Every structure is written in structure tokens, then in C-alpha cells.
Amino acid sequence: MRKALVMTAFSILSLAVLLLAAGATYNRLALSRQRAAAHAPGEIYKVGGYDAHVHCLGTGSPAIVLSTGLGDDFTTWLKVQPALAKVTRVCSFDRSGFGLSQMTPGPHDADTLAAQLHDLVGAAGIDKPFVLIGHSISGLYLRSYARQYTSDLAALVFIDGATPLQDDRVPKSLVAIQDGQRARMPWQKFLMTVGWYRLHGDCSSVPPGFEAYGQIIQANNCDPAQFDALEAELDAVRQSGEETRHVGPFPGLPVLILSRDPASMPPNWPADVAKANSLVWDQMQEESKQLSPLSRRVIAKGSDHYIHVDRPELVVREVTSLVEALRQGKVAYSQNAPTVEE
């Protein structure tokens with residue numbers, strides 16, 4: 001009887017291993033096939049021996065470089081990049097490990113990622129000085145870039161940008177939620193690797209308004225390797241905060257800050273947590289004006305965290321005005337001017 005139970009258990013285990021291997025093969029082949037069919041625009045450059053992807057549109061100066069939020073690739077800029085390309089040259093790129101860029105070894109802290117972008121700008125031949133725009137966690141990377149390579153920059157634009165060591169100020173209950181999400185990532189990566197999400201149809205979703213990049217988005221939706229980059233940036237957040245906590249001010253560098261509407265509450269957080277975080281976040285956004293005496297802050301009415309998705313026309317209008325002012329050599333920003341809501 002015992003021998004029969006052992007044989008049964010071994011058979012079940014063997015079957016499970018075969019199913020997992022088959023699922024992993026299925027997901028890997030589907031990824032390869034979708035990427036071959038997607039024909040992503042842009043160019044691949046070698047930066048430090050690793051592939052880095054850049055997609056540029058338009059002509060003119062100053063150029064614009066777009067840096068994504070955590071876990072996003074260049075496709076997140078679809079609603080603003082083509083419109084801004086009517087005004088000047090605009091380049092979006094994939095950070096290490098995301099989209100079409102290879103994962104680089106070592107830490108993914110602000111200083112390291114800023115240095116990689118600096119090398120990529122040189123490799124891609126992007127003219128300096130340029131306007132560097134960053135969403136969410138890229139708020140830290142913009143600060144590091146400005147500290148290390150100030151002369152490269154014509155202006156900084158923060159799109160609801162993260163601020164240094166913000167987890168020390170946001171509600172502890174929110175930090176607990178984020179820690180729980182981080183702890184689940186290895187399991188999520190495993191499920192993605194073995195094809196579970198693909199079998200359930202979770203890899204085919206395309207956000208409304210992004211159909212033009214639908215094939216590319218679907219090709220990257222279920223790539224388990226991108227979890228490595230996600231975890232690397234999250235695990236380096238405190239180091240990135242320490243590296244950027246004393247950055248600035250930059251007396252001659254215009255800084256535009258576009259912030260979410262404090263009244264817009266994320267539906268996936270408890271209401272009390274979302275409200276408490278909104279108050280702190282709004283304060284930290286206001287403090288970001290201290291980065292430069294030439295600063296302007298605009299609250300995007302009705303927008304959540306992804307202002308370039310929720311209010312692309314506002315981003316295009318504000319950045320276009322900034323580029324035109326830079327061309328004329330007179331940016332009329334003032335740190336002492338009140339924050340506006342538009």
C-alpha cells in the first residue's frame with residue numbers, strides 16, 4: 001500500500017513538472033512570436049555592452065527625452081509623444097530590463113540609471129541641452145541626472161514625480177500595502193513564467209487609446225524577465241532617495257511640475273489611506289518647487305497619477321509652451337508664483 005502511494009505521488013509530481021515545463025515553453029514561444037510580429041519602432045544602441053531601446057520622432061531643438069514610471073515602457077507615452085513631435089524632436093526610451101532594453105547587472109538606483117541614460121543620450125546622438133521629462137519614480141532619476149549632468153539640461157518636467165524618501169512620510173498603512181505587493185512579485189513571476197496568466201487571457205489586454213501600439217504592448221505584457229527590473233528598482237528606492245535627498249536647487253534650470261488632482265483617489269486603496277496619502281503627496285509636490293527659482297506647478301484637474309494618459313492635452317500644452325519659451329530665451333516661471341489648477 002505504501003509503495004503504491006509513493007508511486008502515485010511520484011506520478012503526480014512528474015505530471016506537474018511536465019505541465020509547468022509545457023506552460024513555460026508555451027509562454028516563451030508566444031513571447032518570441034509576438035515580438036517578431038510587433039515590429040517596435042525605434043533603434044537599439046549598445047550602452048555598457050547591453051541593448052538599450054530608443055524611439056525618436058520629430059525634429060528641432062531643444063529635444064525632449066521621456067522617462068517612464070515604474071514598470072512602464074516607451075508605449076506609455078503614445079498620447080503625448082506624437083503631438084510633441086510636431087513641435088520638436090522627442091525621444092522615449094526603455095530603462096534597463098523593460099520593453100526592448102536588456103537587463104543590466106548590479107543595482108538599479110538613481111545614480112546608476114541616470115548614468116545609463118547619459119550614455120544612451122550620447123549613443124543616440126540626442127542634442128544637448130534637452131528637456132528631460134519623467135513620470136512617477138523617474139522623479140528621483142531626474143534629480144540624479146540634474147545633479148550629475150546639469151549642463152545637459154534645458155529644463156526638467158516632473159509628471160507626478162516621486163520625491164526622495166517619500167515612504168518615510170506617506171501613511172504607514174500604504175507602505176504596508178506596497179510591501180505586500182513587493183512580497184508577492186516572485187510568485188507572480190513564477191505564474192507568468194509557466195504561462196498561467198497567458199492561459200487566462202491576461203496577456204492580451206491593451207489600455208483604451210493605446211491600440212496603435214497594441215501588438216507591442218501585448219508582446220511585452222507577459223515577459224517574466226521584466227519582474228527582475230521591477231524588483232531591482234523597488235529594492236533600490238531607499239538608496240535612490242538617499243542619493244537625491246539633497247539635490248538642488250538649480251538656479252538657472254526651469255522646472256515644471258505637473259501633479260495629480262488631490263481629489264482623485266485610487267480605487268484600489270482603502271478610502272482613508274488614499275485620503276491621507278493625497279494630503280502628504282500634495283505637500284511633497286509643492287515642496288518640489290524648491291528645486292529651482294524658475295519653477296511652475298500645475299495641478300491636473302480630474303487626473304490621477306498618469307497625467308500623460310488622463311490629461312495628455314495638458315501635458316502637451318504646458319511642455320509646448322516651455323519649449324517655445326526656451327527657444328526665445330525667456331522662461332517666465334517663478335517659484336513664488338502660486339500653484340494653479342487646470
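## A walk through the sheet, its helices and its hollows

Let us begin with the sheet: 9 strands make up an open sheet with mixed pairing, and their order across it is 1-2-4-3-5-6-7-8-9. Strand 1 (43-47) and strand 9 (340-341) are the edge strands, each pairing on one side only. Keep in mind as you look around that this is a predicted model.

Start at the edge formed by strand 1. Strand 1 runs antiparallel to strand 2 (residues 50-57), and 5 bridges join the two. You can find one such link by looking for Lys-46, whose bridge partner in strand 2 is Asp-51. Between these two strands the hairpin has 2 residues, and in this hairpin Gly-48 takes a positive phi near 65°.

The next neighbour in the order is strand 4. Strand 4 (residues 90-93) pairs with strand 2 over 4 bridges, again in the antiparallel sense. Here, His-55 has Ser-92 of strand 4 as its bridge partner.

Now move along to strand 6 (residues 153-159) and strand 7 (residues 255-259). These two run parallel and are joined by 4 bridges. To see how they line up, find Leu-156, which stands opposite Val-255 in strand 7. A helix joins the picture here: helix 10 packs on the sheet, where it touches strand 7 and strand 8 (295-299). The direction of helix 10 makes about 155° with that of strand 8.

Helices also pack against one another. Look for helix 5 (residues 172-193) and helix 8 (residues 226-235), whose axes are 10 Å apart and meet at an angle of about 170°. How are the two helices oriented to each other? An angle over 145 degrees counts as roughly antiparallel, and helix 5 and helix 8 are therefore roughly antiparallel to each other. On the helix 5 side, the contact is made by Arg-182, Met-185, Pro-186, Gln-188, Lys-189 and Met-192. Helix 8 brings Phe-227, Asp-228, Leu-230, Glu-231, Leu-234 and Asp-235 to this contact. Sorted by class, the residues where helix 5 meets helix 8 are 6 nonpolar, 1 polar and 5 charged.

The loops have some details worth finding too. In the loop between strand 2 and strand 3 (64-67) you will come across Pro-62. The peptide bond joining Ser-61 and Pro-62 is cis, with omega at about -5°. Another cis peptide bond runs from Lys-128 to Pro-129, with omega near 0°. Pro-129 sits in the loop between helix 3 (110-124) and strand 5 (130-135). A further loop, between strand 6 and helix 5, holds Asp-160. Although Asp-160 is not a glycine, its phi is positive, at about 45°.

Finally, let us turn to the empty spaces. How many cavities of 30 Å³ or more does the structure hold? There are 3 of them, and the largest cavity has a volume of about 40 Å³. Its lining consists of Ser-259, Arg-260, Pro-262, Ser-278, Trp-281, Asp-282 and Arg-297. By class, the residues lining this largest cavity are 2 nonpolar, 2 polar and 3 charged. Which element gives the most to the lining of the largest cavity? That is helix 10 (residues 271-287), with 3 residues. You have met helix 10 already, as the helix that packs on the sheet and touches strand 7 and strand 8.

There are pockets to explore as well. The second largest pocket has a volume of about 320 Å³. Of the 15 residues that line the second largest pocket, Arg-143, Pro-164, Arg-245, Glu-287 and Gln-290 lie nearest its centre. The lining of the second largest pocket has 6 nonpolar, 5 polar and 4 charged residues.

Technical notes
Residues numbered from 1 in each chain as written. Predicted model: local features only at pLDDT ≥ 70, side-chain atom pairs only at ≥ 80, totals over all residues. Heavy atoms only, no water. 1 Å grid on protein atoms, 1.4 Å probe; cavity = no way out; pocket = protein on both sides within 12 Å on 5 of 7 lines; lining within 4 Å. Points joined across faces, edges and corners; volume = space filled by probe spheres on them. Nonpolar A, V, L, I, M, F, W, Y, C, P; charged D, E, K, R; others polar. Axes fitted to C-alpha atoms, helices over the stretch in contact; angles between N-to-C directions. Parallel < 35°, antiparallel > 145°, perpendicular 65-115°, else oblique. Contact = heavy atoms within 4.5 Å. Pairing = 2+ DSSP bridges.
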